[in-house]
Amino acid sequence: MKYGVISIVGKPNVGKSTLLNSILEKNAVIATNKPQTTRNLIEISYKDNESLINFLDTPGFHIAKNKLDHFLNSQVKKSLKKSDITLFIFDASRDYDEEDAECVKILNDFGVETAFLVVNKIDLVKEGKLDEIVKNVANKFPFKKIVNISATNNDDVKKIINIVKENINTYEGNIEDLSNMEKEVSDEFFVSEIIREIIIKTFRQEIPYGVAILIDEMKYNQETNLLSIRYSIIVEKESQKPIIIGKAGSSIKKINIELREKLSNYYDCKIFTSSEVKVKKDWRNNDLKIKELGYKK
């Protein structure tokens, strides 16, 4: 068996989570068209008959505006320390900008030796322009390989998997130990991310970025085949609370209906959800509150 840890990095909204979901053939992480969706360093495994690959999905590296942003950027750096190969994802439909440059600077600062340039969204590039775009980015760092893909194209995804497998080593230890290295997200984290995804897609402007989810209780009753989930939606301003709740509770009701519908695709049981909206003022600039809400370095 071959084994390796692969970090997926890049600025916000370049398709990191979409690529990982395509590799895993399931919606393991949030993927939306809004930037800064991923907030945690998510480690999750791909496994076939000949390899075990732990992928690290990272928050988009961006210019920090608050303490939460600094935490998100720290997760990118943390992933580089753990990985054998780094996939730097570049969105070919957008210009190479300051955030791309800062991310490449981190690759240099951390002395990353094995980095692949993955040029994504090539289907959105005008004919004849791709070579020029790729050449411009490739000159920024000594990438070992350059791969042009569309993260939603199955053949391109297989190409990424095969290239990664070609460049990781055979595991030299006890093969049974590999089972202990397989990574899956916890049920609590999975549910909290689905809730946050619903909120991101439902509300506009700054609301999604000031929201955190706290799973207060998640309990399964085998006799009744009922999964009960009690959770809190944390906002940072009093003015945001009534928006999340909606008139006569209409918005929060819709969130819970959609949540139960989505969870029914993953859990073969009855599902009950209850929620509360709480205000923690300016929590994104408070180290203690950031830690309490599960964002730990």
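Reader: Is Asp109 buried or exposed?
Author: This is a predicted model. In it, Asp109 has a relative accessibility of 52%. The cut-off for exposed is over 50%. Asp109 therefore counts as exposed.

Reader: Which residue meets the side chain of Asp109 in a salt bridge?
Author: The partner lies in helix α3 (residues 98-109), as Asp109 does. The two are 4 residues apart, about one turn of the helix. Residues three or four places apart in an α-helix point the same way, because there are 3.6 residues a turn. The N to O distance is 2.9 Å, and the partner is Lys105.

Reader: How does Lys105 count: buried, partly exposed or exposed?
Author: Its relative accessible area is 43%. Buried needs under 20%, and exposed needs over 50%. The value for Lys105 falls in between, so Lys105 is partly exposed.

Reader: Which residues do salt bridges with shared partners join into one network?
Author: A search of the whole structure finds 16 salt bridges. Salt bridges that share partners build one network. Its members are Lys11, Asp97 and Asp100.

Reader: How many residues apart are Glu43 and Lys82?
Author: Their side chains meet in a salt bridge, 3.1 Å from N to O. Glu43 belongs to strand β2 (residues 42-47), and Lys82 to helix α2 (residues 67-82). The pair links distant parts of the chain, and the separation is 39 residues.

Reader: Which relative accessibility makes Glu43 count as buried?
Author: Its salt-bridge partner Lys82 is partly exposed, with a relative accessible area of 38%. Buried means under 20%. Glu43 meets that cut-off, because its relative accessibility is 17%.

Reader: Which strand holds Asp91, the partner of Lys121?
Author: Lys121 and Asp91 form a salt bridge, with the closest N and O atoms 3.2 Å apart. This pair links distant parts of the chain, 30 residues apart. Lys121 sits in the loop between β5 (115-120) and α4 (130-138). Asp91 counts as buried, at 1% relative accessibility. Its strand is β4.

Reader: How many residues of helix α1 are buried?
Author: Helix α1 (residues 16-24) is mostly covered. Its cover includes β1 (2-9), β2, β3 (51-57), β4 and α5. Among the buried residues are Leu19, Leu20, Ile23 and Leu24. The count is 7 of 9.

Reader: Which residue just after α1 takes a positive phi?
Author: The residue follows directly on the helix. Its phi is about 60°. The residue is Glu25.

Reader: What is the bridge partner of Ser7 in β4?
Author: β1 is mostly covered, with 7 of its 8 residues buried. It runs parallel to β3, joined by 7 bridges; there, the partner of Ser7 is Leu56. β1 and β4 also pair in the parallel sense, over 4 bridges. In β4, the partner of Ser7 is Thr86.

Reader: Which strand do 2 bridges join to β1?
Author: These two strands run antiparallel. One bridge pairs Lys2 with Thr170. Thr170 lies in the strand asked for, β7.

Reader: What distance separates the end C-alpha atoms of helix α5?
Author: Helix α5 (residues 154-166) has 13 residues. At 1.5 Å a residue, it should span 18 Å. The model agrees with this, because the end C-alpha atoms are apart by 18 Å.

Reader: Which residue caps the N-terminal end of α5?
Author: The cap uses a side-chain oxygen. This oxygen lies 2.9 Å from the backbone nitrogen of Asp155. The capping residue is Asn153.

Reader: Which are the edge strands of the open sheet β8-β9-β10?
Author: Its 3 strands show mixed pairing. An edge strand pairs on one side only. That applies to β8 (212-221) and β10 (270-279).

Reader: What is the average twist from one strand to the next in this sheet?
Author: The sheet is open, with strand order β8-β9-β10. Its twist, from one strand to the next, averages 15°.

Reader: Which helix packs on the sheet and touches β8 and β9?
Author: β8 and strand β9 (residues 226-235) pair in the antiparallel sense over 9 bridges. In that pairing, Leu214 stands opposite Ser232. The helix touching both strands makes about 130° with the direction of β8. The helix spans residues 187-202 and is α6.

Reader: What angle does helix α8 make with β10?
Author: Helix α8 (residues 250-263) also packs on the sheet. It touches β9 and β10. Its direction and that of β10 make an angle of about 140°.

Conventions
Residues numbered from 1 in each chain as written. Predicted model: local features only at pLDDT ≥ 70, side-chain atom pairs only at ≥ 80, totals over all residues. Heavy atoms only, no water. Expected span 1.5 Å × (residues − 1). Polar contact = N/O pair within 3.5 Å; in protein donor to acceptor, adjacent residues only side chain to side chain. Salt bridge = Lys/Arg side-chain N within 4 Å of Asp/Glu carboxyl O. Buried < 20%, exposed > 50% of the residue type's maximum accessible area, 1.4 Å probe, protein only. Contact = heavy atoms within 4.5 Å. Pairing = 2+ DSSP bridges. Axes fitted to C-alpha atoms, helices over the stretch in contact; angles between N-to-C directions.
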